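Colleague: I am new to this structure and would like a close look at a single part of it, namely how its nonpolar interior is put together. Please start from what the word "core" is taken to mean, and then follow the packing outward.

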Amino acid sequence: MKKTLLYILLSVLILCGAVTGVSVVLCRTQIAVTEYEAVVEGLQGEAKIVLISDLHGMSFGTKNVRLLTLTAEQKPDAIFVAGDMINEDADGEELGEFLELLERLGNIAPVYFSPGNKEMDYILEKDEGLIGKITDTGAVYLCDSFTETEIAGSTVRVGGSLGHFYNYSWSAETRRNPPDYAMEKEIGSTGVPALVMLHMPESIVLDRAALEWTGDLYLCGHTHGGVIRIPGIGGLFAPAQGYFPEYDRGSFTVWDRELIIGAGLAGYGVIPRAFNMPEICVITLKSAPSE
């Protein structure tokens with residue numbers, strides 16, 4: 001009887017290991033499309049945007065051909081790239097592929113780029129010229145700033161921020177007395193629809209300062225979807241939120257602010273994704289119904 005139970009236990013462990021191994025392989029090679037709808041007051045009609053984040057120097061096919069093809073198939077009106085597309089120690093090859101990816105995404109639709117903590121570390125430690133190289137691809141670079149533009153016939157404001165809550169370079173005193181959040185307060189102050197790339201969702205979900213922010217929709221990354229997802233439970237870990245994060249991926253309303261957290265594309269450092277398909281988010285923006 002004991003041997004039978006042992007065989008059953010070993011069989012279950014082997015099966016679980018095999019299934020996990022298959023999932024890890026799939027999460028390194030395949031990309032899912034996750035669709036959302038968001039109502040944004042002031043839009044003149046529907047618009048479709050694609051949210052991409054957290055590539056961390058990976059390649060899905062030669063020069064990311066699968067990522068590019070999948071994005072093009074969505075026929076977006078604009079592409080929002082919300083940071084951590086390279087690593088802080090990116091070499092010349094990784095940097096070149098990233099810049100080429102931005103340029104080729106720009107052949108699909110206008111690209112708006114906001115840095116994550118990895119790009120900011122790269123800029124601070126290796127190359128302050130990265131910002132110019134990004135804009136040379138045709139992408140609009142937004143860091144604690146916004147631009148007023150047109151998407152699918154609607155005038156909108158598009159902003160971008162790494163976020164402030166978990167800024168590695170801040171002292172404890174600065175974290176207790178954060179900056180004025182000028183962009184976050186101003187972007188939606190005139191009633192023009194405001195879309196904000198906010199790399200770290202913790203900036204909004206863990207900081208009551210967001211009550212003063214004026215964006216209509218916040219588009220986030222950074223969490224990697226919880227890295228390893230436990231069926232029936234959710235993500236295992238997210239930076240700043242720790243284990244079993246509440247805000248790992250999906251659509252949420254926090255402090256009366258609407259946000260969509262994309263699960264991104266890469267694992268977390270040496271930890272691979274499992275049961276957590278890399279994704280791009282396809283978001284259909286709809287105008288608010290007239291009263």
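Modeller: A nonpolar core is a set of buried Ala, Val, Leu, Ile, Met, Phe, Trp, Tyr and Cys residues joined through side-chain atoms within 4.5 Å, where buried means under 20% relative accessible area, exposed over 50% and partly exposed in between, with a 1.4 Å probe and protein chains only. This is a predicted model, in which local features need pLDDT of at least 70 and side-chain atom pairs count only at pLDDT 80 or more, while totals for chains, interfaces and linings use all residues. Residues are numbered from 1 along each chain as its sequence is written, and side-chain values use heavy atoms, without hydrogens or water.

The largest nonpolar core holds 33 residues, and Ile-52, Phe-98, Phe-113 and Ile-134 are those that touch the most other members. Two or more residues each come from strands S2 (47-52), S3 (78-81), S4 (111-113) and S16 (279-287), and from helices H2 (65-73), H3 (92-105), H4 (117-125) and H5 (130-136); helices (H or I, at least four residues) and strands (E, at least two) are DSSP runs numbered from the N terminus. H3 gives the largest share of this core, with six residues. Phe-98 is in contact (heavy atoms within 4.5 Å) with Met-85, Ile-86, Phe-113, Leu-130 and Ile-134, if neighbours within four places in sequence are left aside. Apart from this core there is a second, separate one of 23 residues, whose members include Phe-80, Leu-142, Leu-195 and Ile-283.

To see how H3 is placed, follow it to the strands: H3 lies across S2, S3 and S4, and runs at about 140° to S4, with axes fitted to C-alpha atoms, for helices over the stretch in contact, and angles from 0 to 180 degrees between N-to-C directions. H4 turns a set of side chains inward as well, since Asn-117, Lys-118, Glu-119, Asp-121, Tyr-122 and Ile-123 are buried there. These buried residues of H4 pack against H3, S4, H5 and S5.

The strands just named belong to an open sheet of six strands in the order S1-S16-S2-S3-S4-S5, with mixed pairing; two strands pair if DSSP finds at least two bridges between them. At the edges of this sheet stand S1 (32-40) and S5 (140-141), each of which pairs on one side only. S1 and S16 run parallel and are joined by nine bridges, and within this pair Glu-37 stands opposite Thr-284 of S16.

Leu-195, which the second core includes, leads into another sheet, because it stands opposite Leu-217 in S9. This open sheet has six strands in the order S6-S7-S8-S9-S15-S14, again with mixed pairing. S6 (145-151) and S14 (250-254) are its edge strands, and since each has a single partner strand, one side of each is left without a neighbour in the sheet. On average, neighbouring strands of this sheet are turned by 25° against each other, direction ignored.

Inside that sheet, S8 (residues 194-198) and S9 (residues 217-220) run parallel and are joined by three bridges, and Met-197 has Leu-219 as its bridge partner in S9. On its other pairing, S9 meets S15 (residues 257-261) in the parallel sense over four bridges, with Tyr-218 opposite Leu-259 of S15. The side chains of S9 are divided between two directions, Leu-217 and Leu-219 pointing one way and Tyr-218 and Cys-220 the other, and all of them are buried. Cys-220 has a relative accessible area of 0%.

The loop between S9 and strand S10 (229-230) holds His-224, which is buried with a relative accessible area of 2%. Beyond residues up to four places away in sequence, His-224 touches Asp-54, His-56, Ala-263, Ala-266, Gly-267, Tyr-268, Arg-273 and Asn-276. Arg-273 and Asn-276 also appear among the residues touched by Cys-27, together with Phe-60, Ala-274, Phe-275, Met-277 and Pro-278, with the same sequence neighbours left out. Cys-27 lies in helix H1 (residues 2-29) and counts as buried at 3% relative accessibility, whereas Cys-143, at 24%, counts as partly exposed. Cys-27 and Pro-272 are 245 residues apart in sequence, yet their C-alpha atoms are 8.1 Å apart in space.
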